[in-house]
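Got the structure open in your viewer? Here's a walk through it, one selection at a time.

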2 protein chains.
Amino acid sequence: MMLNSPTADTTIVTTESIASALSQAIHEHRLAPGTKLGEDELSDIYRVSRTMVRAALQSLSHQQIVEIKRNRGAFVAQPSLTEAHEVFEARELLEPRTAKSAALNATPEDIALLNDHITQEHAALAAGDRGRALYLSGLFHLEIARIAKQQTIADMINVLIARSSLIIALYWRRESALCESQAHHALIKAIADNNGAFAEELMQSHLVDLHSALNLHELPPVGQNLKAMLLGAAPTQETS
Amino acid sequence: MMLNSPTADTTIVTTESIASALSQAIHEHRLAPGTKLGEDELSDIYRVSRTMVRAALQSLSHQQIVEIKRNRGAFVAQPSLTEAHEVFEARELLEPRTAKSAALNATPEDIALLNDHITQEHAALAAGDRGRALYLSGLFHLEIARIAKQQTIADMINVLIARSSLIIALYWRRESALCESQAHHALIKAIADNNGAFAEELMQSHLVDLHSALNLHELPPVGQNLKAMLLGAAPTQETS
DNA sequence: TAGATATAAATTGTATACAATATTGTGCGC
DNA sequence: GCGCACAATATTGTATACAATTTATATCTA
């Protein structure tokens, strides 16, 4: 499992840091949907007892990016088609108006921060690290909620973004990976211009774009269970 | 502490049931904001080990209706003025459009269920149990999200409702407790008529009503800490 | 050999023991 | 009596031990 294990024994490991590391790994697609997250395995990696691992896993399960099955363990969540639609519908409800607020609140420092995000995103893409680019792209959306000074909405968006990452891992269709960058650039401009109405509109269409770039009309997630895997295909995953 | 302790030793107590019992007690204002939730105390009440109590408290802290302070324990949350505004702003973003969807989806059974809710709400009020009426009123809002077939949004609304209950406990101003009933009746009618636009409008104004029925412009929460209580003045809120 | 069944291994669920921290109580000096 | 240092108590944080359950393995039968 590719995780950010602590480099030194002196590292202070809290429940949150474990949850955060796992969350980021999931967000960056280093952990595929369906992956088993064994407690012993994780407690070995992070050099803590199962107690803390369990707390971290429970935390992630509350965000619905990990599914805990009683007596069976924790798995990276596999959002269903229905859930996928719901997540994007929720985002379409929350984010456009939040982008509008952000446009009306944004300071030059905020704009600089957003631009910095884009730069990092480009750098990650240039380095071929699509997972990291996706993660940074999520942070961009989160940053907008922060600029809008709506922590409660930001929390909700944060969860929706993490779930979106899982949905993208399962249902992504398009090959073009750069479509987002343009949309983000345009958004920054609208926000920098304090053009709330336009920012709202751009965010709305951006989300619709993302939503429609998914295979949500026919295919169930692939590689779900052992049966499918053994009869021919690639990945090893579990059923829900 | 007035909690629903199990009546028999044979009761199967799960983490969720403890979290649910605590959540309901908070929702019904049987547990005031700021109340200390000691682990030993709760494990005595529910006859389980601290392990499960801790899991339940962590679950509630993720919903922000319980605040866990490291090395100090768990307390019923005390939403700040800012949080209070944010919660209602989030609800105003989510619920009107959800009510619209509900109006377009509702079946006769759904309408019957909503009416049943109102009836129970009235019964609770008639019995003088304002806490329970408040809880049922929250369920009414949740039920609408369920009718709209938006589980993800329903989950978010569920959390916002619980926090709203805390906010009401801290900032409620009006004496008239029945204002909601009328609004709910009107909403049911719009939904029963499949009048989405009107349902959306009614929900919006209902939430604005609730929001404006709070003392969110001046007073900080009362009865927070001993200093404030004894001095009878503006209390200093705890750090987050 | 396929299938079923019993047994063994591995994994999770829960409780408890101990350590770390915070809170409370006591005594001393002033 | 007041304030402060220090000890005693209580509470939370973490790890570990044991029980319950699932999963894997081996054995037996048709």
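Start with all of chain A in cartoon: this predicted model has ten helices and three strands. Follow the chain along its sequence and you'll pass the elements in the order α-β-α-α-β-β-α-α-α-α-α-α-α. Chain A has 240 residues, and 48% of them count as buried. If you look at contacts between residues at least 6 apart in sequence, 76% of them join residues at least 24 apart.

**Stop 1: the first helix**

Select residues 15–27 of chain A, which make up α1(A). Want a quick ruler check? The 13 residues should span 18 Å at 1.5 Å a residue, and the end C-alpha atoms are indeed 18 Å apart, so the helix agrees with expectation.

Now show side chains here. Which residues of α1(A) are buried? They are A:Ile18, A:Ala19, A:Ala21, A:Leu22, A:Ser23, A:Ala25, A:Ile26 and A:His27. Turn on the surroundings to see what these buried residues pack against: α2, α3, β2, β3, α6 (130–147) and α7 (151–171) of chain A. Before moving on, click A:His29, just after α1(A), where phi is positive at about 65°.

**Stop 2: the sheet**

Next, colour the strands. The three of them make an open sheet, ordered β1-β3-β2 in chain A, with antiparallel pairing. At the edges sit β1 (36–37) and β2 (66–69) of chain A, each pairing on one side only.

Take the β1(A) side to begin with. Two bridges connect β1(A) with β3(A), residues 73–76, and the two strands run antiparallel. Select A:Lys36 and you'll find its bridge partner in β3(A), A:Phe75. A:Leu37, meanwhile, is opposite A:Ala74 in β3(A).

Then swing over to the other side of β3(A). How many bridges pair β2(A) and β3(A)? There are four, again in the antiparallel sense. One spot to label is A:Lys69, which stands opposite A:Gly73 in β3(A). The two strands form a hairpin with three residues between them, and in that turn A:Asn71 has a positive phi of about 65°.

**Stop 3: a helix on the sheet, and its neighbour**

Keep the sheet visible and add α3(A), residues 50–62. This helix packs on the sheet and touches β1, β2 and β3 of chain A. Its direction makes about 115° with that of β2(A).

Now add α2(A), residues 39–46. How do α2(A) and α3(A) pack? Their axes are 9 Å apart and cross at an angle of about 110°. Angles from 65 to 115 degrees count as roughly perpendicular, so that is the description for α2(A) and α3(A).

Zoom in on where the two helices meet. From α2(A), show A:Glu39, A:Asp40, A:Leu42 and A:Ser43; from α3(A), show A:Arg50, A:Val53, A:Arg54 and A:Leu57. Colour this contact by residue type and you should get three nonpolar, one polar and four charged.

**Stop 4: a histidine in the ninth helix**

Last, jump along the chain to α9(A), residues 196–212, and pick out A:His206. Is A:His206 buried or exposed? Its relative accessibility is 3%, and buried means under 20%, so A:His206 counts as buried.

To see what surrounds this side chain, leave out residues up to four places away in sequence. What A:His206 then touches is A:His141, A:Glu180, A:Ala183 and A:His184. Show those residues together with A:His206 for a final view of the contacts.

Note on methods
Residues are numbered from 1 along each chain as its sequence is written. Chains are lettered from A and ligands numbered from 1 in the order in which they are written. This is a predicted model: local features need pLDDT of at least 70, side-chain atom pairs count only at pLDDT 80 or more; totals for chains, interfaces and linings use all residues. Side-chain values use heavy atoms; hydrogens and water are left out. Axes are lines fitted to C-alpha atoms, for helices over the stretch in contact, and angles run from 0 to 180 degrees between N-to-C directions. Angles under 35 degrees count as roughly parallel, over 145 as roughly antiparallel, 65 to 115 as roughly perpendicular and the rest as oblique. Contact means heavy atoms within 4.5 Å. Ala, Val, Leu, Ile, Met, Phe, Trp, Tyr, Cys and Pro count as nonpolar, Asp, Glu, Lys and Arg as charged, and the others, Gly among them, as polar. Two strands pair if DSSP finds at least two bridges between them. The expected span of a helix is 1.5 Å times one less than its number of residues. Buried means under 20% relative accessible area, exposed over 50%, partly exposed in between (1.4 Å probe, protein chains only).
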